[in-house]
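Colleague: I have a model open and I would like to learn how to read it. Could you take me through some of its features, one at a time?

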Amino acid sequence: MAANSDFSFAGSNASVKNNSPNEKGRNGLAKIHTQKKKAEAGEVCHDDSGPTVKAQTIDELHSLQRKKSAPTTPITGTPKAAFAAALSEEERQKQQLQSISASLASLTRETGPKVVKGDPARKAETPKVSSHSHVTEPFHYAPTFSTSDSALKFTHILYNLSPAELYEQAIKYEKGSFLTASGALATLSGAKTGRSPRDKRVVKDETTTDELWWGKGSPNIEMDEHTFLVNRERAVDYLCSLDKVFVNDQFLNWDPNHRIKVRIVSARAYHSLFMHNMCIRPTPEELENFGTPDFTIYNAGQFPCNRYTHYMTSSTSIDLNLARREMVILGTQYAGEMKKGLFSVMHYLMPKRQILSLHSGCNMGKGGDVALFFGLSGTGKTTLSTDHNRYLIGDDEHCWSENGVSNIEGGCYAKCVDLSGEKEPDIWNAIKFGTVLENVVFDEHSRDVDYSDKSVTENTRAAYPIEYIPNAKIPCVGPHPKNVILLACDAFGVLPPVSKLNLAQTMYHFISGYTALVAGTEDGIKEPTATFSACFGAAFIMLHPTKYAAMLAEKMKKHGATGWLVNTGWSGGRYGSGNRIKLAYTRKIIDAIHSGTLLEANYVKTEVFGLEIPTEVEGVPSEILNPVNTWFDKAAYNDTLSKLGGLFKKNFEVFASYKIGTDNNLTEEILAAGPNF
């Protein structure tokens, strides 16, 4: 390059001139001048200069960077007129903080903590005591005789934070929280990587004694009111002792006529983001008018219960008080306890309104036909309810009311073990920014998740908003179901690939909740093990299973729905000798159910279970439709069929003595729909 040449950097206004020895920089290099060049004819001068910012300090500059907003779930047609109350922002915040302070009130001291919005780490935003003294005044019912240190501090409320804000909190303050390559937040749930059903308690009082299902086979383990209050006090005291707590105000049930307002108070950003995804997110207008919640969760996370407290069997306790509409969590950080705890609450509250709560998947065809999918783990419920030709209403929890079917939740909680983009593309693509990944293992450098690595647990999970699924129906509601599909993975190989059920049979198999697992033994022999879970979700139901079954039959009869039993398990022999029914055949069966063509088929009745099975289904070999045809050893088939029938009868003994109605006719009808020898 010539010594006196001029040149400029493309895309900038910087120029270099070397016209004299005085223009030399370090090491003899040309000095860079940043003066603006004159625009040549026909060119645009890209001038980035501008006035200085208005802020006088860094803190003020940071405050200008952020503007107020609220997280939302996309809900169309929300009437804004209902939220037109002319409240000032200061008054609205005052009412909101008063409500939260009341939620956190100690029952012993009858006063809530001094609460204020904002992160205590942002010292510029931390108020003086006097500036918010009006917030706690309504809750001082009696003079304070002794003052503790906790009465001198603020509890900072991080209220309905956005995913981005919760990411910041988790990554900065919670050990084990990381940003993965896909944008999801990886977290750890501590020592508990699954639910603790033996540590779950329900207050038994005058009302619940008669209403709930207690005793043999029931998931409801009793506790008294006093013990609940002891645990509540422990959880609330712990939360109030923290510098900051996370508060979520959200909804359950997409049906606006029957939705429930829930408040979740937690110690971890991970828990707040999880519930942000799993519950229905209010619009800003709905949040302004939220008011008092219908149900409140106090999640103390890792803080244990006192094991010397009556009814406690470990340092973990999950307690439901239906009269107080409260739930307390101590000694576990597994977020699924909150999700399933609220599902139990819905199993209690909804039937009181003559609404059936269901542990099921649900999708809808383009013509408006809705199908419910029931099934335990491994039956293919997620796979079969996910259909690119149909809209997803929800994957796990639903209500069936006089208005039709509605999803209880605002998100999905998917298993991640051995997840791949080829097998589950919708779930794979939903794991992005905003999604919570529990207990997964990832590469330290690339942050790519290894879903096959079960080093922490096999129960790895992803929680994401339902709108992350491309064909999700928003809002998540639909008309009355046309088909009720009960899925069973029968490893004994004797149930037909598909059976049409009458109402009594639907109730019987719904109450039974059957599937068969394959368990390994020490000497390498693998035998099928029958598993029964009442209503396909025994761990969460509150009333006796027959009450849910009776409601299901009533709604199916009223709205003309058909019941189906679909076996996704083995054919031609039990596990080890037969073959699993091909997924392609099962999909053809489900398609025929959706289209209505299966209703027009010819049917024959099977032995023992008395199931009606079609003689042909388009795209499915006719010989496999009747399982006896696929077994080489017919005697072995009959023996195995009788064995399974006996297991059904034994399981149903706990329900046989329960009477429905004054004349008990319904109970007898259900029993008659079971296996007959």
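**Reading strands, bridges and buried residues**

Modeller: Start with a pair of strands. Strand 16 and strand 17 (residues 370-374) pair in the antiparallel sense, over 4 bridges. Keep in mind that this is a predicted model.

Colleague: In strand 17, which residue is the bridge partner of Met364?

Modeller: Val370 is that partner. The two strands form a hairpin, with 5 residues between them. Look at Gly368 in the turn: its phi is positive, about 95°.

Colleague: How many bridges join strand 16 to strand 18?

Modeller: There are 3 bridges, and these two strands run antiparallel. Here Met364 has Tyr391 of strand 18 as its bridge partner. So Met364 has a bridge partner in strand 17 and another in strand 18, by the DSSP rule for pairing.

Colleague: How do I read the side chains along a strand?

Modeller: In a regular strand, side chains alternate between the two faces of the sheet. Now see strand 16 (residues 361-364). Gly361 and Asn363 point one way, while Cys362 and Met364 point the other way.

Colleague: Are those four residues buried or exposed?

Modeller: All are buried. Take Cys362: its relative accessibility is 0%. The cut-off for buried is under 20%, so Cys362 qualifies.

Colleague: How many disulfides does the structure hold?

Modeller: A disulfide is a covalent bond between the sulfur atoms of two cysteines. This structure holds 0. Cys362 is in no disulfide, and the nearest cysteine sulfur, that of Cys476, is 9.7 Å away. The cut-off is 2.5 Å, so that pair does not count. Cys240 is another buried cysteine, with a relative accessible area of 12%.

Colleague: Next, a whole sheet. What is the strand order in the open sheet of 9 strands?

Modeller: The order is 4-5-10-11-12-14-13-8-9, with mixed pairing. Strand 4 (114-117) and strand 9 (222-223) stand at the edges. Each has a single partner strand, so one side of each is left without a neighbour in the sheet.

Colleague: Do strand 11 and strand 12 run parallel or antiparallel?

Modeller: They run parallel, joined by 5 bridges. Strand 12 covers residues 295-299. One bridge to follow by eye is Val262 with Phe295 in strand 12.

Colleague: Now salt bridges. How many are there?

Modeller: The idea is a side-chain nitrogen of Lys or Arg within 4 Å of a carboxyl oxygen of Asp or Glu. By this rule the count is 18. Take Arg232 and Glu326, whose closest N and O atoms are 2.9 Å apart. Arg232 is in helix 6 (residues 225-241) and Glu326 is in strand 14 (residues 326-330). The pair links distant parts of the chain, 94 residues apart. Arg232 is buried, with a relative accessible area of 2%. Glu326 is buried too, at 7%.

Colleague: Which residue forms a salt bridge with Asp249?

Modeller: Arg263 does, with the closest N and O atoms 2.8 Å apart. Asp249 sits in strand 10 (residues 244-252) and Arg263 in strand 11 (residues 260-266), 14 residues apart. Both are buried.

Colleague: What does the salt bridge of Lys339 and Asp396 tie together?

Modeller: The N to O distance of this pair is 3.0 Å. Lys339 lies in helix 9 (residues 336-352), and Asp396 lies in the loop between strand 18 (391-394) and strand 19 (397-401). The pair therefore ties together parts that are 57 residues apart in sequence. Both Lys339 and Asp396 are buried. Salt bridges with shared partners join Lys339, Lys340, Lys381, Asp396, Glu397 and Glu409 into one network.

Colleague: Which backbone atom does the side chain of Asn407 reach?

Modeller: The backbone nitrogen of Glu409, at 3.0 Å. Asn407 is in strand 20 (residues 404-407) and is buried, with a relative accessible area of 1%. Leaving out residues up to four places away in sequence, Asn407 touches several others, including Trp254, Glu397 and Cys476.

Colleague: And the chain as a whole: how many helices and strands are there?

Modeller: There are 16 helices and 35 strands. Of the 677 residues, 51% are buried. The accessible surface comes to about 32000 Å², and 51% of that belongs to carbon and sulfur atoms. Among contacts between residues at least 6 apart in sequence, 72% join residues at least 24 apart.

Note on methods:
Residues are numbered from 1 along each chain as its sequence is written. This is a predicted model: local features need pLDDT of at least 70, side-chain atom pairs count only at pLDDT 80 or more; totals for chains, interfaces and linings use all residues. Side-chain values use heavy atoms; hydrogens and water are left out. Buried means under 20% relative accessible area, exposed over 50%, partly exposed in between (1.4 Å probe, protein chains only). Contact means heavy atoms within 4.5 Å. Accessible areas come from the Shrake-Rupley method with a 1.4 Å probe; for residues, only the protein chains shown count as cover. A polar contact is a pair of N or O atoms within 3.5 Å; within protein, one must be able to donate a hydrogen and the other to accept it, and residues adjacent in sequence count only if both atoms are side-chain atoms.
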